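User: I am new to this structure and would like a close look at one part of it, the helix that adds the most to the main core. Please explain what surrounds that part and how the rest of the chain is arranged.

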Amino acid sequence: MKIVILLAGKGRRIREYLGETHKSMIELNGLPLLWYLIKNIHQAGFDEVVPVVGYQGNSIISYLRREFPMIKFDFVWNRDYEKTNNLVSLVNTEKIVRDSGFIQINGDLIFDYHILKELSCVEGSAIAVDVVNRKEIIDSPKTIMVSDHIMDLGRHIALVDNGGYAIGMYKFSKELAGAFFDLSKKLIVEHPDMGFHDPLRQLYSSCYVKGFDIAEKLWTDIDEKADIKKAIEYLNAMEKNYVEV
């Protein structure tokens, strides 16, 4: 199974702090966020990665090829990243991943690699969900679940109804991938700025997607300057995970 990473955007919410630096190249303990992301993917047992690039795409491609020769990269471009959202980025990967299923990871995610390893073993489709901190206020999409079946996803969900936060890691079975791409290609004709959560929400009633509880494993995404400090704290706590590969 291939891993898709969404890296095309400019990180507008943190742009004032970053300047021209690509969001994935924010330094954390002297290494780019992207270094930790690829290391985690490799440690979880994956060596086929599909990065979707746009903003500063050539620099990202050069960095990944230089630093990770053990990974087979299949680069995909979203050259309309200024006008589109992450749904277009994901749709652009269809020819590579539709027939096999895939795991999609947000490009600003710091996480314990065991989350990915365990998510990959879940049968069918699943979304990694932080249930433990569901009553905390976190700037991530919430979920509504019946038992472990995800019925809705998004920031519109009230905190009182939150079944857990979607951390930014999504497993698409072959069946879900097919339905997702077919629906998404219709939606982006009129709504090219749509996010990939929107078609997913329309498929939950017909496609079973499991909410995979990550238990107390550490994760954070980086959307604001304050998130960088949290990411470094978590990396220090997870330092034993980063061994030479």
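Analyst: Helices and strands here are DSSP runs, numbered from the N terminus, with at least four residues for a helix and at least two for a strand. The model is a predicted one. Just after helix H2, Gly 45 takes a positive phi of about 105°.

H2 itself is mostly covered, with 10 of its 11 residues buried. Those buried residues are Leu 33, Leu 34, Trp 35, Tyr 36, Leu 37, Ile 38, Lys 39, Asn 40, Ile 41 and Gln 43. The list includes Lys 39, Asn 40 and Gln 43 alongside residues such as Leu 33 and Ile 41.

The largest nonpolar core has 47 residues, and the members that touch the most others are Leu 28, Ile 41, Ile 105, Leu 116 and Met 169. H2, which spans residues 33-43, gives the most to this core, with seven residues. A separate second core holds 33 residues, among them Ala 166, Tyr 170, Ile 188 and Cys 207.

Leu 116 shows what lies around the end of the helix. Leaving out residues up to four places away in sequence, Leu 116 touches Asn 40, Ile 41, Ala 44 and Phe 46, and also Ile 3, Ile 103, Ile 105, Phe 111 and Met 169. Two of these contacts, Ile 103 and Ile 105, belong to strand S7 and point to one side of it.

S7 covers residues 102-106, and because five of its five residues are buried, the strand is largely enclosed by the rest of the structure. In a regular strand, side chains alternate between the two faces of the sheet. In S7, Phe 102, Gln 104 and Asn 106 point one way, while Ile 103 and Ile 105 point the other way.

S7 has partners on record here from two strands. With strand S1 (residues 2-7) the pairing is parallel, over five bridges, and Ile 5 stands opposite Ile 105. With strand S12 (residues 165-172) the strands run antiparallel and four bridges join them. In that pair Gln 104 stands opposite Tyr 170.

S1 also takes part in a charged contact. Lys 2 forms a salt bridge with Glu 48, with the closest N and O atoms 3.7 Å apart. This pair links distant parts of the chain, since Lys 2 is in S1 and Glu 48 is in strand S4 (residues 48-53), 46 residues apart. Glu 48 is partly exposed, at a relative accessible area of 26%.

Across the whole structure, a search finds 12 salt bridges. Another is formed by Glu 94 and Arg 98, whose closest N and O atoms are 2.8 Å apart. Glu 94 is buried, with a relative accessible area of 14%, whereas Arg 98 counts as partly exposed at 22%. The side chain of Glu 94 also meets that of Lys 185 in a salt bridge of 3.1 Å, N to O. That contact ties helix H5 (residues 94-97), which holds Glu 94, to helix H7, which holds Lys 185, 91 residues apart. Through shared partners, salt bridges join Glu 94, Arg 98, Asp 182 and Lys 185 into one network.

H7 (residues 174-190) has 17 residues and reaches 26 Å from its first C-alpha to its last, close to the expected 24 Å. Its buried residues include Leu 176, Phe 180, Leu 183, Leu 187 and Ile 188, while Lys 185 is partly exposed at 36%.

Key:
Residues are numbered from 1 along each chain as its sequence is written. This is a predicted model: local features need pLDDT of at least 70, side-chain atom pairs count only at pLDDT 80 or more; totals for chains, interfaces and linings use all residues. Side-chain values use heavy atoms; hydrogens and water are left out. A nonpolar core is a set of buried Ala, Val, Leu, Ile, Met, Phe, Trp, Tyr and Cys residues joined through side-chain atoms within 4.5 Å. Buried means under 20% relative accessible area, exposed over 50%, partly exposed in between (1.4 Å probe, protein chains only). Contact means heavy atoms within 4.5 Å. Two strands pair if DSSP finds at least two bridges between them. The expected span of a helix is 1.5 Å times one less than its number of residues. A salt bridge is a side-chain nitrogen of Lys or Arg within 4 Å of a carboxyl oxygen of Asp or Glu.
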